[in-house]
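Here is a short briefing for a reader meeting this structure for the first time. It goes by topic, with the sheets leading.

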Amino acid sequence: MRANIKDVSQAAGVSIKTVSRVINNERYVRPATRERVEEAMKALGFHPSQAARALAGGRSFQIALVCSNPGPYYLHGLIAGLRGRCAAEGVRLIVHAYEVEADELGADVLTFFRQMGFDGAILTPPIVDSEPVLEELERAGTPYVRISPGVQPERSASVAIDNEGAARAMTRRLIALGHRRIGFVVGHRSFAVSNQRLAGYLDALREAGIPLDLGLVQQGWFDFRSGRAAAEQLLGLPEPPTAIFASSDDMAAGVLSVAHQRRIRVPDQLSIAGFDDTDLASLVWPALTTMRQPIRAMAERAAELLFSGEVEQVILPSELIERASTAPRWS
């Protein structure tokens, strides 16, 4: 792994702040100490990038994770992916969870940045596509990385998966199992990934020559409660679906709870699939077939981009994880 500022501080026997002063060529560092730090940097092959210099010499030694927290398992994965790398860089991670439906959402996040003076930021949907927030970060010269941006991915460093392709693959799998009436629960309207996953579902239906039934598409909000509400609508239809694909595991768990309540056998009478492969997918019964979004790896890569200063658009692979909640269509 690439040496980081913490490695240099340990090798030189000085504090991280002293290393940052040497990196930024600041005064008040004794010549002998400066020489020791420079020798440690050379021995470790440590070459701080422009962004790393900004982070090392910034005012706060803090970076922000700005997220809407669509589900606790998603947020846990992000934090787990970021915590270790931030610790290695000697930088504190501050999490700011905001309400998507709040009035003046952009203004709230802008105030947060201005008050705290962060040295860098990692943004998640839907704030990743907020023009006022991006403009403020760019005006302040604050490095930032976006996770799953919906527009202008080339504008900044970013990490994502192919959401449309992943949803297409899951829908194809349900079709291959013999299902033709496949319900779909859409994610929160403010998230670009919601439309991307819906597009993948619709594309797979077209490929298979299955006519779209709008009654099989229900709006959700990425949470358990909306999954339950969508399932009540879908399973209350005169001709209910034989499979339901929810575009998050939290919503799929909500669908599963309604199926149990209605004494519908899963997967014998109803197949259920989710998206994300959070810990929740393995905790419910039966365990959920789901599309694995590598949330922790995405966060780790975002941190790597932030600290290295690389402006790269990274697409990580997703994986279909088949468990006990799906089966061939019953006759």
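The helices Tyr74 and its neighbours belong to come later; the sheets come before them. This is a predicted model. One open sheet has 6 strands with parallel pairing, in the order β2-β1-β3-β4-β5-β11. Another open sheet, also of 6 strands, has mixed pairing and the order β7-β6-β8-β9-β10-β12.**Helix pair α5 and α13**
- Tyr74, Gly77, Leu78, Ala80, Gly81, Leu82, Arg85, Cys86 and Glu89 in α5 touch Ile295, Arg296, Ala299, Glu300, Ala303, Glu304 and Phe307 in α13.
- By class, this contact has 9 nonpolar, 2 polar and 5 charged residues.
- Helix α5 covers residues 72–89, and helix α13 covers residues 295–308.
- Their axes lie 7 Å apart, at an angle of about 35°.
- The crossing of α5 and α13 is right-handed.

**The parallel sheet**
- Strands β2 (92–97) and β11 (313–315) form the edges, and each pairs on one side only.
- From one strand to the next, the twist averages 15°.
- β1 and β2 run parallel over 6 bridges.
- Leucine 65 has valine 95 in β2 as its bridge partner.
- Strand β1 (residues 62–67) also runs parallel to β3, joined by 4 bridges.
- Alanine 64 is partnered by alanine 121 in β3.
- β3 pairs with strand β4 (residues 144–147) in the parallel sense, over 3 bridges.
- Here leucine 123 has arginine 146 in β4 as its bridge partner.

**Strand β3 and helix α7**
- Which way do the side chains of β3 (residues 120–123) point? Gly120 and Ile122 point one way, while Ala121 and Leu123 point the other way.
- All four of these residues, Gly120, Ala121, Ile122 and Leu123, are buried.
- β3, helix α7 (residues 131–140) and β4 make up a right-handed β-α-β unit.
- Helix α7 lies across β3 and β4, and runs at about 155° to β4.

**The mixed sheet**
- Its edge strands are β7 (217–219) and β12 (319–321), each pairing on one side only.
- The twist averages 20° from one strand to the next.
- Strand β6 (residues 182–186) pairs with β7 in the parallel sense, over 3 bridges.
- Valine 185 stands opposite glutamine 218 in β7.
- Helix α9 (residues 192–207) lies across β6, β7 and β9 (271–276), at about 170° to β6.
- Helix α11 (residues 249–261) packs on the sheet too, touching β6, β8 (243–246), β9 and β10 (289–292).
- The direction of α11 makes about 160° with that of β9.

**Cis peptide bonds**
- Valine 266 and proline 267 are joined by a cis peptide bond, with omega about 10°.
- Proline 267 sits in the loop between α11 and β9.
- Tryptophan 285 and proline 286 are also joined by a cis peptide bond, with omega about -10°.
- Proline 286 sits in the loop between α12 (280–283) and β10.

**Positive phi at two aspartates**
- Aspartate 276 is not a glycine, yet has a positive phi of about 125°.
- Aspartate 276 lies in strand β9.
- Is aspartate 276 buried or exposed? It counts as buried because its relative accessibility is 8%, under the 20% cut-off.
- Aspartate 277 is not a glycine either, and has a positive phi of about 60°.
- Aspartate 277 lies in the loop between β9 and α12.
- With a relative accessible area of 16%, aspartate 277 is buried.

Conventions
Residues are numbered from 1 along each chain as its sequence is written. This is a predicted model: local features need pLDDT of at least 70, side-chain atom pairs count only at pLDDT 80 or more; totals for chains, interfaces and linings use all residues. Side-chain values use heavy atoms; hydrogens and water are left out. Axes are lines fitted to C-alpha atoms, for helices over the stretch in contact, and angles run from 0 to 180 degrees between N-to-C directions. A crossing is left-handed if the near helix is turned anticlockwise from the far one by less than a right angle, and right-handed if clockwise. Contact means heavy atoms within 4.5 Å. Ala, Val, Leu, Ile, Met, Phe, Trp, Tyr, Cys and Pro count as nonpolar, Asp, Glu, Lys and Arg as charged, and the others, Gly among them, as polar. Two strands pair if DSSP finds at least two bridges between them. Buried means under 20% relative accessible area, exposed over 50%, partly exposed in between (1.4 Å probe, protein chains only). A crossover is right-handed if, with the strands pointing away from the viewer, the path from the first strand over the helix to the second runs clockwise.
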